[in-house]
Amino acid sequence: MVMASELPAPDAHERAHSEALAGLIRREIAAAGGAIPFSRFMELCLYAPGLGYYSAGLHKFGAGGDFVTAPEVSPLFGRCLALACAAVLAATGGGDILEFGAGSGRLAVDMLDELDALGSLPGHYYILERSAELRARQQDMLRARLPRLHERVVWLEQLPAPGFRGVMLGNEVLDAMAVERFRWNGQQAELFQVMDTVDGFGWQLRGAADAGIEAAIARIAGECELAEGYISEFSASLQPWLHSVTERLADGMLLLIDYGYPRREYYHAQRSSGTLMCHYRQRAHTDPLRWPGLQDITAHVDFTAVAEAAVAGGLAVCGYATQAHFLLDCGLDRLLQDAMVNLDEVAYLRLAQQAKTLILPGEMGERFQCIGLTRGLDIDVPGFRMQDLRHRL
Ligand SMILES: C[S@@+](CC[C@H](N)C(=O)[O-])C[C@H]1O[C@@H](n2cnc3c(N)ncnc32)[C@H](O)[C@@H]1O
């Protein structure tokens with residue numbers, strides 16, 4: 001983690017881009033009477049059409065980008081997920097895959113390649129992506145890397161109709177949804193608002209205008225015994241999003257992978273300034289008001305909230321495990337053994353190094369968690385047989 005003041009300076013083109021988005025945000029702040037909720041600020045920073053971090057053509061994922069996600073680390077990640085999906089698709093008697101927020105398209109390429117090798121291709125591989133720019137990038141990637149299967153991939157404009165059978169999945173999608181930032185004052189939540197100051201954007205606190213958000217944070221404060229002055233985040237969009245997704249899933253699994261914690265760990269006394277994090281050119285820092293549109297803004301995921309919303313929608317939590325245990329249970333070590341036989345030494349060592357990044361506790365292995373949410377599925381899903389952390393939710 002670095003201080004925001006130590007970040008590399010953006011070039012003139014980036015500054016102009018950020019200034020255009022800042023202008024749009026300032027106008028919205030003025031129209032709102034002087035301040036907007038942080039969740040709205042974050043939403044604009046990430047998704048304002050043509051200007052937001054995910055909507056504009058910045059280089060975000062992988063080597064040289066701002067951060068590296070598991071599919072960009074190694075094809076082993078997608079191949080392991082494919083092994084889990086193949087088992088679910090066999091149990092549901094076929095069906096489709098729907099990936100939310102497919103980033104560069106890497107995961108889709110690796111999964112489809114492996115599912116093809118397993119003879120377990122889905123009817124369709126759907127992608128639902130918020131960013132038009134990323135969608136175009138995914139289409140280029142699929143066309144170039146997997147021309148033989150490109151026709152199976154269909155980009156959706158909205159969620160499919162109810163009755164979906166198969167697997168829905170999202171890697172690092174929940175952490176990219178806008179959150180409220182709050183301060184617990186001992187009695188109630190005060191929500192951070194963003195205002196326009198002579199020195200750029202600044203903070204203001206205001207009581208929650210939404211009774212639902214106020215009640216949800218009060219419940220967290222009671223359950224987790226928040227001290228006065230405790231600062232954290234709350235995702236008001238998580239529950240409605242999961243509601244609309246789970247009501248579409250008729251038979252199969254929703255698999256979500258992200259960094260996060262069960263609620264009691266999320267809102268632990270030691271995490272008293274929250275989990276909000278920004279990424280700019282592979283440096284992490286905690287000032288989301290800096291350079292709007294040029295940096296990723298993200299918050300950890302409350303996996304207890306994910307499980308609660310899914311159960312309310314009639315789904316069962318079939319498993320909750322660290323990414324390391326999930327990948328190992330899917331057969332990561334067997335894939336590596338095969339690679340030792342089939343690849344030359346240099347290629348094998350490269351793959352083994354990638355596997356370490358995916359599973360070592362100090363890397364992605366324990367920071368990232370996997371949760372499996374099922375309807376009508378009566379199998380032990382690969383990925384969740386080795387470790388069962390559901391009691392911590
Ligand atoms: C951190 S990136 C992860 C990308 C990719 N899954 C990966 O692992 O490399 C977050 C992605 O989620 C997308 N996203 C965020 N909210 C979404 C939503 N409600 N529906 C679909 N995609 C969404 C973003 O546009 C972006 O592609």
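A residue is termed buried when its relative accessible area is under 20%. The structure discussed here is a predicted model.

**Cysteines**

The relative accessibility of Cys370 is 0%, so Cys370 is buried. Cys330 is likewise assigned to the buried class, because its relative accessibility is 8%. A disulfide requires a pair of cysteine sulfur atoms within 2.5 Å, and by this rule the structure has zero disulfides. Cys330 takes part in no disulfide, its nearest cysteine sulfur being that of Cys80 at a distance of 5.5 Å. For Cys370, also in no disulfide, the nearest cysteine sulfur belongs to Cys330 and is 8.0 Å away.

**Ligand site**

The ligand occupies the largest pocket. Around the ligand there are 20 residues, of which Tyr47, Thr69, Gly101, Glu129 and Asn171 come nearest. Sorted by class, this shell comprises twelve nonpolar, five polar and three charged residues.

The table lists distances between the ligand and N or O atoms of three residues.

| Residue | Protein atom | Ligand atom | Distance |
|---|---|---|---|
| Thr69 | side-chain N or O | oxygen | 2.6 Å |
| Gly101 | backbone N or O | nitrogen | 2.7 Å |
| Glu129 | side-chain N or O | oxygen | 2.5 Å |

On its own, the ligand has 600 Å² of accessible area, and the protein covers 95% of this area. Thr69 and Glu129 thus each approach a ligand oxygen atom through an N or O atom of the side chain, whereas Gly101 approaches a ligand nitrogen atom through a backbone N or O atom.

Technical notes. Residues are numbered from 1 along each chain as its sequence is written. This is a predicted model: local features need pLDDT of at least 70, side-chain atom pairs count only at pLDDT 80 or more; totals for chains, interfaces and linings use all residues. Side-chain values use heavy atoms; hydrogens and water are left out. Buried means under 20% relative accessible area, exposed over 50%, partly exposed in between (1.4 Å probe, protein chains only). A residue is near a molecule or strand if one of its heavy atoms lies within 4 Å of it. A polar contact is a pair of N or O atoms within 3.5 Å; within protein, one must be able to donate a hydrogen and the other to accept it, and residues adjacent in sequence count only if both atoms are side-chain atoms. Accessible areas come from the Shrake-Rupley method with a 1.4 Å probe; for residues, only the protein chains shown count as cover. On a 1 Å grid over the protein atoms alone, a cavity is a set of points where a 1.4 Å probe fits but cannot get out, and a pocket is an open set with protein on both sides within 12 Å along at least five of seven lines; lining residues have an atom within 4 Å of a point. A molecule sits in a cavity or pocket if more than half of its atoms lie within 2 Å of its grid points. Ala, Val, Leu, Ile, Met, Phe, Trp, Tyr, Cys and Pro count as nonpolar, Asp, Glu, Lys and Arg as charged, and the others, Gly among them, as polar.
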